[in-house]
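Subject: Structure handover

Hi,

Here is the structure I said I would pass on. Have a look at it first, then read my notes underneath.

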Protein chains: 2
Amino acid sequence: MSRAKCRIGVVAPASRLSVEVAERVSVLARSLYPDRTPEIFFHPQCFASHGHFAGADDMRAQAFLDIANDESYDALWCARGGYGSCRVVEAVMRGLTAASRAKVYMGYSDAGMLLAALYRAGFTGVAHGPVVQDIVRHQGETAIARALAWMIDRAPEALEPTVGGANKTAAFNMTILSHLIGTPLQPDLDGHVLMLEEVSEAMYRIDRSLFHITGNAGIRRVKGIMLGRCSDITPNEPDFAMNEEQVARYWCEKSGILWLGRADIGHDADNKVVPFGSVG
Amino acid sequence: MSRAKCRIGVVAPASRLSVEVAERVSVLARSLYPDRTPEIFFHPQCFASHGHFAGADDMRAQAFLDIANDESYDALWCARGGYGSCRVVEAVMRGLTAASRAKVYMGYSDAGMLLAALYRAGFTGVAHGPVVQDIVRHQGETAIARALAWMIDRAPEALEPTVGGANKTAAFNMTILSHLIGTPLQPDLDGHVLMLEEVSEAMYRIDRSLFHITGNAGIRRVKGIMLGRCSDITPNEPDFAMNEEQVARYWCEKSGILWLGRADIGHDADNKVVPFGSVG
């Protein structure tokens, strides 16, 4: 880092955060970095509430811009997923200034809408990784420690093990990637290793998302697909008779996309960091 | 019809049909058309079972082609929705012959994958309307009578009330249309009135589908969007604070697509027929 102390701004582009969760993450950061505690600023918008969302669309977009366009922040960290990033992404992209480029952006799941748009716009600090809310998971402190290690020190051990070398990478929640295909958010993933994970969807929905993703001409130019974890799969009636890996292999074979095995990402505390693009 | 007796072939590209439901529809057809009972042939594939599906992918594709490519059939009628059409659509489109063009294709929901591909390929008899399984709905016999009236007599009273005149039309389940955007199945809907319906999805999913659909450049060239019924909406946590019409109006306004009001389609017995394209 160019500064002695890393400054991290947290915003919630989708669902709201509780003050208690924010406080737990602040306490953990102090204990992990007693001598150079990062300054974690929770934008007040994180705790706002508007129907499903952490504040109305314009409030969430403005909060994102408050952090992104402030050059004193080294990183913009998403509070959590949930749902709502697609409602702010257009206003966010319209409002970004030059100061927003020299920054890490970390999140996953619903935040993939924003990561996609930023990467498409040429941002080099975009990373798929743990969010603030992950501290509530089983062994969630390890997820937070990993996110901080990447944001503060670019620690290589935070990375998904196959990341690096000559490979360009990107990672998405399947449902989110499916919902941005064919829109102006869809990034150019030519030659990338594409890692996909899912949570709380029935197997037929996983199958349908993979039909969609692998059916797009742009996606077919990836180097290959790696499958992250698909957790809390909801019941399928009748039983789907295939698991997520069989389904992913099926669509890879059908679409001519290279199957590259399993990725160490998912909706859990083990979710590793996957930078978008190349690791410098 | 050019023939005295209409011949209808039923196939199940997605989930399986029961023999009892098929029999009920045959009995109803005889009672509705005692003097010119349509010949309804239920392809044996309808009753097959393979995991989630009415037979394996190749069996379902072949059954569709058996009816589509047989010029003695006036109509191909989808047994039901469910899930699975996206797994057969590529093989179906590859296997169609010239005989397949002079025929009505009727279905909705999951079958929208096939309707889209057929319409994109220039088929003129594609129609969004009731399926065989609809007989089990409350007052489901009216849905079956409507489907038959269209397939047998092109009865104008079967049509969604706004269909006709100078308007080109198309209708889809939102989730299905969302999942074919950006793929080779996506039809050219320039200038069409696009009717959208949904079933058994949470409001945030409806919102996300509409973000996706209205975010696509091709879709933005429609004449406007009409909202069909969104039924059995599953609980949203927290409450979404907007209903389906507010959500549809929001995305229409945001995308610059004309809001054209409500359409008389949905996952219910009142589901009216919407031909793809112009009504001759």
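Below is what I found, going from the pairing of the chains to the spaces around them.

One thing up front: this is a predicted model, so please read everything here as computed.

**How the chains pair**

Chain B goes onto chain A by a rotation of 180° with 0.0 Å of shift along the axis, and the RMSD of that superposition is 0.0 Å. The two copies are thus related as by a two-fold rotation axis. If you want a spot to look down that axis, try Gly182(B): within chain B its C-alpha is the nearest to the axis, at 2.1 Å. Both copies use the same surface, and 100% of the contact residues of chain B turn up again in chain A.

**The interface**

On each side the contact set has 42 residues, 42 of chain B touching 42 of chain A. Interface size is often quoted as the accessible area that is lost when the parts come together. Here chains B and A bury about 3,200 Å² between them, with 54% of that on carbon and sulfur atoms.

Which residues of chain B lose the most area to chain A? They are Arg87(B), His179(B) and Arg208(B), and together they make up 22% of what that side buries.

Four salt bridges are counted between chain B and chain A. Arg87(B) takes part in a salt bridge as well as in the burial: its partner is Asp207(A), and the closest N and O atoms sit 2.7 Å apart.

**The enclosed cavity**

The structure has one cavity of 30 Å³ or more, and its space comes to about 110 Å³. Both chains contribute to the wall. From chain A the lining takes Thr175(A), His179(A), Glu201(A), Arg205(A), Arg208(A) and Ser209(A), and from chain B it takes Thr175(B), His179(B), Glu201(B), Arg205(B), Arg208(B) and Ser209(B). Note that His179(B) and Arg208(B) are in this lining and also among the residues of chain B that lose the most area to chain A. H7 of chain A and H7 of chain B each supply at least two of the lining residues. By class the lining has no nonpolar residues, six polar and six charged.

**The two largest pockets**

The largest pocket holds about 930 Å³ of space. It is lined by 42 residues, and those closest to its centre are Gly82(A), Ser109(A), Val199(A), Ser200(A) and Tyr204(B). Helix H6 (174–178), strand S7 (192–199) and helix H7 (203–214) of chain A, plus helix H7 (203–214) of chain B, are the elements giving two or more residues to that lining. H7(B) has the largest share, with three residues. The class split is 14 nonpolar, 16 polar and 12 charged.

The second largest pocket has about 800 Å³ of space. Of its 34 lining residues, Arg80(B), Gly81(B), Gly82(B), Ser109(B) and His267(B) are closest to the centre. The elements that give two or more residues are H7 of chain A along with helix H6 (174–178) and strand S7 (192–199) of chain B. Which element gives the largest share of this lining? H7(A) does, with three residues. The lining residues divide into 11 nonpolar, 13 polar and 10 charged.

Cheers

Note on methods:
Residues numbered from 1 in each chain as written. Chains lettered and ligands numbered in written order. Predicted model: local features only at pLDDT ≥ 70, side-chain atom pairs only at ≥ 80, totals over all residues. Heavy atoms only, no water. 1 Å grid on protein atoms, 1.4 Å probe; cavity = no way out; pocket = protein on both sides within 12 Å on 5 of 7 lines; lining within 4 Å. Points joined across faces, edges and corners; volume = space filled by probe spheres on them. Helix = DSSP H or I, 4+ residues; strand = E, 2+ residues; numbered from the N terminus. Nonpolar A, V, L, I, M, F, W, Y, C, P; charged D, E, K, R; others polar. Least-squares fit on C-alpha atoms with pLDDT ≥ 70 in both. Contact = heavy atoms within 4.5 Å. Buried area = accessible area lost by both parts, 1.4 Å probe. Salt bridge = Lys/Arg side-chain N within 4 Å of Asp/Glu carboxyl O.
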